[in-house]
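Me: Please take a close look at one part of this model for me: the nonpolar core. I am a first-year student. Keep it brisk.

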Amino acid sequence: MSQILSVNDIHTYYGESYILQGLSLKSDRASVVALVGRNGMGKTTTMRSIIGFTHPRRGKIYFKDKDITDLPSFQICQMGISLVPQGRRIFPSLSLRENLVIAARYTQRKGAWDMERIFSLFPILKERANNKGNQLSGGELQMLAIARALISNPDFMLMDEPSEGLAPMVIQNVGNVIQQLKESGLSILLAEQNLPLALSVADYVYVVAKGTVVFESTPEALESNEQVKREYLAI
C-alpha cells in the first residue's frame, strides 16, 4: 500500500503560541488514519497545517510525494485534499443543494462524486435538498459537510471532529459513511475525540498530546493499552 501523505516534524504556531511541537504522521492510500487526544492537544492545528490555513514554521508536509508545506489552501485543494471542518461551517441561509452547487463550482477536479452519487450515499440529503442550512438537524448538517467535501472529488479527506455534538445513533451513521468512503478508495485523516468511533473505523491510530505524537499503533493495540488511554485520553 503506497503512502499518500507524510507529515514530518512540523512545528506550528498561532502568533507566539507554540502549538505543534514536532508532530509527525503518515497515511497510506485507501486507509483511515485517526488522530486522537483530548481537546487542545493539537488535532485541529494539524488539520489546519495540512490544508494550508496555518503554515508550519518548521518541518515538511508531502502529499503524493510533492511538498505542499507552504502552498496556499486553494492549491492544496486542487491537488486533491478536502476538509470537513470542525463545526460543519455550511452557509445557513442557502439551501442544501445550493451549498453543494457552490462547492462544485469552485473545483477544477473531475470524478465520480457528482450530485447524483452524493444523494445515493446520503438519501436524507436528497429529501432535504431544498431546505436551508438553518433548517437542518445536526446530523444532516454533518452529512452535508461531508458531501460538500466529496463533491470536489478528493483523493484525501481531512475530517475534524465529525462526531462533535451528535447523538449516538447519528455518530454510528457517520462511522458507517467513513467505512463506505474507505471502501471506495478514499484516504482519510480523522481527528476525533470520540475514541470508540475512531477505533471502529481506523486502520492506524496516533495519540497526540501537547502538540506531538506520544503513541502510535493499530486500533487493537490502543484498545488494550489501559495506561495510554488513562494518561492521554482520560479513559
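Reply: The largest nonpolar core has 49 residues. Four of them touch the most other members: Phe 122, Leu 150, Leu 181 and Leu 222. Such a core is a set of buried Ala, Val, Leu, Ile, Met, Phe, Trp, Tyr and Cys residues joined through side-chain atoms within 4.5 Å. Buried means under 20% relative accessible area, exposed over 50%, partly exposed in between (1.4 Å probe, protein chains only). The model is predicted, with pLDDT of at least 70 needed for local features and 80 or more for side-chain atom pairs, while totals for chains, interfaces and linings use all residues. Numbering starts from 1 along each chain as its sequence is written, and side-chain values use heavy atoms, without hydrogens or water.

Back to the core. Helix α6 gives its largest share, eight residues. (Helices, H or I of at least four residues, and strands, E of at least two, are DSSP runs numbered from the N terminus.) Take Phe 122. Set aside its neighbours within four places in sequence, and Phe 122 is in contact (heavy atoms within 4.5 Å) with Met 143, Ile 146, Ala 147, Leu 150 and Val 177.

Apart from this core lies another, of 27 residues. Leu 5, Leu 23, Val 33 and Phe 63 are among them.

Now the sheet. It is open, with six strands in the order β6-β7-β8-β3-β9-β10 and mixed pairing. (Strands pair if DSSP finds at least two bridges between them.) β6 (81-84) and β10 (212-217) are the edges, each pairing on one side only. From one strand to the next, the twist averages 20°. β6 runs parallel to β7 (residues 156-160), and four bridges join the two. One partnership links Leu 83 with Leu 158 in β7. Helix α6 (residues 138-150) packs on the sheet and touches both β6 and β7. The direction of α6 makes about 170° with that of β6. (Axes are lines fitted to C-alpha atoms, for helices over the stretch in contact; angles run from 0 to 180 degrees between N-to-C directions.)

Phe 63 returns here. The structure holds three aromatic pairs. (Rings of Phe, Tyr and Trp, its six-membered ring, pair with centres within 6.5 Å; planes under 30 degrees apart are stacked, over 60 edge-to-face, the rest tilted.) Phe 63 and Phe 156 have ring centres 6.3 Å apart and planes at 65°, so this pair is edge-to-face. Phe 63 lies in β4 (residues 58-63) and Phe 156 in β7, so the pair ties together parts 93 residues apart in sequence. Phe 63 is buried, at 0%. Phe 156 is also buried, at 0%.
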